Amino acid sequence: MEPLIKPLNSNYCNSLTSYSRRKTIPVKIGDVIIGGDNPIVVQSMTTVDTMDTKGSVEQCIRMIQSGCELIRITAPSIKEAENLRNIKAELRKLGYHTPLVADIHFTPNAAEIAAGIVEKVRINPGNYADKKKFEVIEYTDASYQEELERIRERFLPLIKICKENGTAMRIGTNHGSLSDRIMSRYGDTPLGMVESALEFLRICADENYHEIVISMKSSNTQVMVQAYRLLVQKLDEGGFKPYPLHLGVTEAGEAEDGRIKSAVGIGTLLEDGLGDTVRVSLTEDPEFEAPVARALIDRYTKRNAHASIAEISDYPINPFEYTKRKSWEVFNFGDHNVPRVITDISRIDRITEKEMKAVGHFYLPELDKWKMNDQGCDFVYSGINPIPFMLPNGMKEIQNASVWMHLKDQKNKFPLFSLDEFNVFQTFHSELNFLEITDLQIDEAIQAVRDRKDTVLILKTENTHAMPALRRAFVKLIQADCQIPVTVKVSYPDQAADQTMLYAATDVGGLLVDGLGDGIMLSLEKEGFHSRENVIEQIKLHNSVGFGVLQAARTRMSKTEYISCPSCGRTLFDLQETTAMIRKRTDHLKGVKIGIMGCIVNGPGEMADADYGYVGSGKGKITLYKGKEVVKRSVPSEKAVDELINIIREDGMWIEQETI
Ligand code: SF4
């Protein structure tokens, strides 16, 4: 058989067009095997104090019952590492054999103890043998080499213990906690993240120790996706074994935002067959994490059967760096415009002003005025059910062309054509028309729109391997140098709200992180017929998921971004309660990023590119940050939210909350 020649830029996965899981070596963790031909494993992490044996055991059981197959527990010092023995013994006594993983930061001595007790140890190469001082140091090749020797010496005892005990290891790089050495040489980049892991991996390989899983986490989904892809490429190029990958987005937050952000990062990689174990990090109780991870993974159990997608011989997209696909400006789509949100309201006839609340536009009858919130959609699609009242300024309406052509005033409404209609109609809007096609009609569409600067494509697919099928269509557009703006349309049959969030985030977010797409539309097309109330609820969900996906893929900021850690045994305050409190006071600060971190040991590093930080620094004490700079230390927790707001205010970033 001819060897498969892969197009340049696609070495990070088996195929850009056929679902195929990357073949990795199997790594045994107690009774669970990660990698090889084994199913993708779901894991999560406890949040109770590791010294609380009873509390830890009870939480582990709740996690196991929710579908968790591997449990990580923090071991900040020797005493917690030692207590893993009691937790493990209790669980085994109760008949639970789920393997345990010790989570280590800064404390090799705790790692060495834990490696003799639990089935796997997670180390962070950014802080295993290095203390973070946020210093830029100039290294010569010789002094860099000396540093690596120092790490080797510090790291070798752990490898020895792991080998003796059959303990596996995760080399878990985090974007926010790279060592000063890596930062000085590679910067805060995906390459820096990969090199950080490779430094440790080379030592393991020299010692012939291969029970290794690797992760490249970041709370920035673009960085996270690029880092994993680059890791795979560097492993292959460097002649390393294909170690299994642990996927995760750090500090994803809570609720809808946390789910969407996780899916944009994790789902994008799963689509290309990367990933052998998944942890979804939410600022919620850990038993809520496993079902989300499971929902993401389960999409791929039958994915092999998808309809075929034409192969790509020349891949024009750089998967390791974000570059927005060039598109020309049509009305307010494409070019420098933020991606637009189109919300489908076509299942509601005679919609009223009051119901527009679901798409973020509020009618105030006493003032006869409209207001919109930060998730006020740009366009609604009304299909054959035109809106019978005057629209608010910030929102436009798209109608089916067959309805639009009979309008008296065609100027302020915009037509949507099928390809057949587009080819035969004589009347078009002078500024903005929509042409809806499937991925299979892309060649014909390119011919139809070639020189038209008055049309936006609405691109959808029926292929179950949706993101790659849509990506294939974008590749055709790029190759044909057709710069028409494209809105990606997705629609799902009736399903749980969580699934809609995760699927849309994967299918559209996976394109956006590679710079593909000028808009998003969640459509009601495939849903069953429901009561008016239910349809309104669904529209509300679609509208907010649309904005959520754009934000999670970092392409349009429409709300405050909370980079909140999931909490663990190190956490110094109630993260869920505090996050809710901070959210209540600040969720109108569009585009502002606020880090909420449970501990000062990892928090400042992990909150990555947050604009402001709220970090637990002692019992009842909070340290407040502006960027990476400490602004106030040891603020009593009851005053800390007010102080945080003062810092934002002094910085000129505060605006008063409007009531609608
Ligand atoms: S930042 Fe949060 S999750 Fe990370 S170690 Fe600290 S408390 Fe635990």
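**Exercise A: cysteines.** Classify Cys68 as buried or exposed from its relative accessibility, and then work out why the structure holds zero disulfides at Cys68 and Cys204.

*Solution.* Cys68 has 3% relative accessibility and therefore counts as buried, where buried means under 20% relative accessible area, exposed means over 50%, and partly exposed covers the range in between (1.4 Å probe, protein chains only). Before going further, note that this is a predicted model, in which local features need pLDDT of at least 70 and side-chain atom pairs count only at pLDDT 80 or more, while totals for chains, interfaces and linings use all residues. Residues are numbered from 1 along each chain as its sequence is written, and side-chain values use heavy atoms, with hydrogens and water left out.

The next step is the bond itself. A disulfide is a covalent bond between the sulfur atoms of two cysteines. The criterion applied here is a pair of cysteine sulfur atoms within 2.5 Å. For Cys68 the closest cysteine sulfur belongs to Cys60 and lies 8.2 Å away, which is too far for a bond. Cys204, which counts as buried at 0% relative accessibility, has its closest cysteine sulfur in Cys162, at 8.3 Å, again too far for a bond. The total for the structure is zero disulfides.

**Exercise B: the ligand site.** State which residues surround the ligand, where the ligand sits, and how many residues of each class its shell has.

*Solution.* Begin with the neighbours, counting a residue as near if one of its heavy atoms lies within 4 Å of the molecule. The ligand is surrounded by Cys565, Ser567, Cys568, Arg570, Thr571, Gly598, Cys599, Asn602 and Gly603. Next, sort them by class, with Ala, Val, Leu, Ile, Met, Phe, Trp, Tyr, Cys and Pro taken as nonpolar, Asp, Glu, Lys and Arg as charged, and the others, Gly among them, as polar. The shell then has three nonpolar, five polar and one charged residues.

**Exercise C: two helices and what follows them.** Compare the end-to-end reach of α16 and of α6 with the expected span, and describe the phi of Arg554 and of Asn208.

*Solution.* Helices (H or I, at least four residues) and strands (E, at least two) are DSSP runs, numbered from the N terminus, and the expected span of a helix is 1.5 Å times one less than its number of residues. Helix α16, residues 532–552, has 21 residues and reaches 30 Å from its first C-alpha to its last, close to the 30 Å expected. Helix α6, residues 190–206, has 17 residues and reaches 24 Å, close to the 24 Å expected.

Burial comes next: 16 of the 21 residues of α16 are buried, so that this helix is mostly covered, and 13 of the 17 residues of α6 are buried, so α6 is largely enclosed by the rest of the structure. Finally, Arg554, just after α16, takes a positive phi of about 65°, and Asn208, which follows α6, has a positive phi near 55°.

**Exercise D: positive phi at Ala255 and Asp335.** Locate Ala255 and Asp335, and decide whether each is buried, partly exposed or exposed.

*Solution.* Most residues other than glycine have a negative phi. Ala255, although not a glycine, has a positive phi of about 45°; it lies in helix α8, residues 255–271, and at 37% relative accessibility it counts as partly exposed. Asp335, also not a glycine, has a positive phi of about 50°. Asp335 is found in the loop between α9 (289–298) and β11 (340–344), and its relative accessible area of 43% makes it partly exposed.

**Exercise E: sequence separation and space.** For Thr461, Asp518 and Pro392, set the separation along the chain beside the C-alpha distance to a partner residue.

*Solution.* Thr461, in the loop between β18 (455–460) and α13 (466–479), is buried at 11% relative accessibility, and its C-alpha is 9.3 Å from that of Val488, 27 residues apart along the chain. Asp518, in the loop between α15 (509–512) and β20 (519–523), is buried with a relative accessible area of 2%, and its C-alpha is 5.3 Å from that of Val486, 32 residues apart along the chain. Pro392, in the loop between β14 (379–383) and β15 (396–400), is buried at 5% relative accessibility, while its C-alpha and that of Asp103, 289 residues apart along the chain, are separated by 52 Å.
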